[in-house]
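Got the viewer open? Here's a tour, stop by stop, with something to select at each one.

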Amino acid sequence: MITFYAAIGCYRVKTEDGKKSVYIQKLGKYHPISIPEFAIWSSLLWEVMTYDELKKAYTEIMCLQQSSAPDFDQMLAMLVKRRLVISGVGYTGVDALYRMLADAFVVPYRIAPPKKVWCILRLLAKGKLPIADVFTAIRTRKLTDTEQKVLGLIEQTPLSTAELVRCFERNITDLSTAEKVIASLYTDDASTQKHIANEEVCSVSANPVLEAVSNLYLARQVILEVPC
């Protein structure tokens with residue numbers, strides 16, 4: 001069996017009483033997070049890891065801390081319970097990936113060009129980005145046709161990966177209103193998010209959409225969201 005993990009939401013730094021604190025923003029709400037939890041969560045942001053890979057990353061980060069590291073399994077279990085980390089288990093990598101992403105909503109994520117340039121300059125100044133890699137960092141990644149279609153759909157409304165599969169399967173392109181989402185995706189009273197996830201796992205569109213969503217996530221062009 002294979003288990004994959006990924007991060008939910010994005011992080012925000014807030015200044016409170018002159019002190020900066022890190023929060024995870026999920027569905028517009030801020031969730032406080034401890035340093036050990038953030039070590040796990042930040043390792044997973046725009047990454048997909050197995051249990052062993054994640055534990056290794058956590059151990060390496062916490063070795064830099066002066067205090068002893070809390071138990072990794074307890075920290076991970078807490079993040080999963082709080083729905084700040086999602087996981088998927090399967091006999092194959094594709095199966096585990098689908099189980100992890102099927103119910104996760106895919107949301108576009110863009111960095112404004114001036115902010116992106118400023119971030120690159122800061123990394124250069126701190127020696128964290130080699131000059132040879134600047135062009136790669138600035139260059140806009142070319143999207144596949146499937147990735148472009150996924151972005152076109154989620155820019156209209158956030159959709160789960162399973163709902164995206166259904167859109168591809170039924171050639172749905174217009175989801176500009178809530179009424180059109182309901183009429184196109186949830187065509188009968190039995191249709192639910194879970195029902196769609198179970199039904200679309202065998203769709204011929206499942207693998208292409210899964211690949212596109214994964215590539216967009218790893219390329220930092222989308223974030224993942226789940227209900228509380």
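Helices and strands here are DSSP runs, numbered from the N terminus, with at least four residues for a helix and at least two for a strand. With that in hand, select Y91: this residue sits in the loop between β6 (85-90) and α4 (93-101). Before going further, keep in mind that you're looking at a predicted model.

**Stop 1: the surface around Y91**

Is Y91 buried or exposed? Y91 is exposed, because its relative accessible area is 68% and the bar for exposed is over 50%. Now add M1 and V89 to your selection. Together with Y91 they make a nonpolar patch on the surface, and the accessible area of the three comes to about 390 Å².

**Stop 2: the whole chain**

Zoom out and colour by secondary structure. The protein chain has 11 helices and nine strands. It runs to 228 residues, of which 40% count as buried. Turn on the surface, and about 13,200 Å² is exposed, with carbon and sulfur atoms supplying 56% of that. As for contacts with a separation of 6 or more, 64% of them are between residues 24 or more positions apart.

**Stop 3: into the core**

Hide the surface and select I40 and L164. Within the largest nonpolar core, which has 63 residues, these two touch the most other members. Which helix gives the most to this core? Helix α11 (residues 206-218) does, with seven residues. Stay on L164 and show what's around it: leaving out residues up to four places away in sequence, L164 touches V106, V150, L153, I154, L159, V209 and V213. As a rule, nonpolar side chains in soluble globular proteins tend to be buried together.

**Stop 4: aromatic rings**

Next, show the side chains of the aromatic residues. There are seven aromatic pairs in the structure. Start with Y11 and W41, an edge-to-face pair with 6.4 Å from centre to centre and 85° between the planes. Y11 belongs to strand β2 (residues 10-16) and W41 to helix α1 (residues 35-44), so this pair links distant parts of the chain, 30 residues apart. The two partners are covered quite unequally: Y11 is partly exposed at 41% relative accessibility, while W41 is buried at 0%.

Then jump to Y51 and F72. Their ring centres are 5.4 Å apart and their planes meet at 70°, so this pair is edge-to-face too. Y51 is in helix α2 (residues 51-62) and F72 in helix α3 (residues 72-81), so the pair ties together parts 21 residues apart in sequence. Y51 counts as partly exposed at 26% relative accessibility, whereas F72 is buried at 5%.

Before you leave the rings, go back to Y11 and W41 and add F38: ring pairs link these three into a cluster.

**Stop 5: salt bridges**

Switch to the charged side chains. The whole structure has five salt bridges. Select D95 and R99, whose side chains meet in one of them at 3.2 Å, N to O. Both are in helix α4, four residues apart, or about one turn of the helix. R99 is exposed, with a relative accessible area of 52%.

Move on to R166 and E199, which form a salt bridge at 2.1 Å, N to O. R166 lies in helix α8 (residues 161-170) and E199 in helix α10 (residues 193-200), so this pair ties together parts that are 33 residues apart in sequence. R166 counts as buried at 1% relative accessibility, while E199 is partly exposed at 42%. Add E200 as well, since R166, E199 and E200 are linked in a network of salt bridges.

One more pair to click on is K180 and D174, with a salt bridge at 2.7 Å, N to O. K180 is partly exposed at 33% relative accessibility, and D174 is also partly exposed, at 33%.

**Stop 6: H31 and S42**

For the last stop, select H31 in strand β4 (residues 29-32). H31 counts as buried because its relative accessibility is 15%. What does H31 contact, beyond its neighbours within four places in sequence? Show Y23, I24, K26, R82 and L84 and you have them.

Finish by picking S42 in helix α1, which is partly exposed at 31%. Draw a distance from S42 to I24: C-alpha to C-alpha, they are 10.0 Å apart in space, and 18 residues apart in sequence.

Terms used. Residues are numbered from 1 along each chain as its sequence is written. This is a predicted model: local features need pLDDT of at least 70, side-chain atom pairs count only at pLDDT 80 or more; totals for chains, interfaces and linings use all residues. Side-chain values use heavy atoms; hydrogens and water are left out. Buried means under 20% relative accessible area, exposed over 50%, partly exposed in between (1.4 Å probe, protein chains only). Contact means heavy atoms within 4.5 Å. A nonpolar core is a set of buried Ala, Val, Leu, Ile, Met, Phe, Trp, Tyr and Cys residues joined through side-chain atoms within 4.5 Å. Patches are made of residues with over 30% relative accessible area and no salt bridge: like charges are joined within 9 Å, nonpolar side chains (Val, Leu, Ile, Met, Phe, Trp, Tyr) within 5 Å. Accessible areas come from the Shrake-Rupley method with a 1.4 Å probe; for residues, only the protein chains shown count as cover. A salt bridge is a side-chain nitrogen of Lys or Arg within 4 Å of a carboxyl oxygen of Asp or Glu. Rings of Phe, Tyr and Trp (its six-membered ring) pair if their centres lie within 6.5 Å; planes under 30 degrees apart count as stacked, over 60 as edge-to-face and the rest as tilted.
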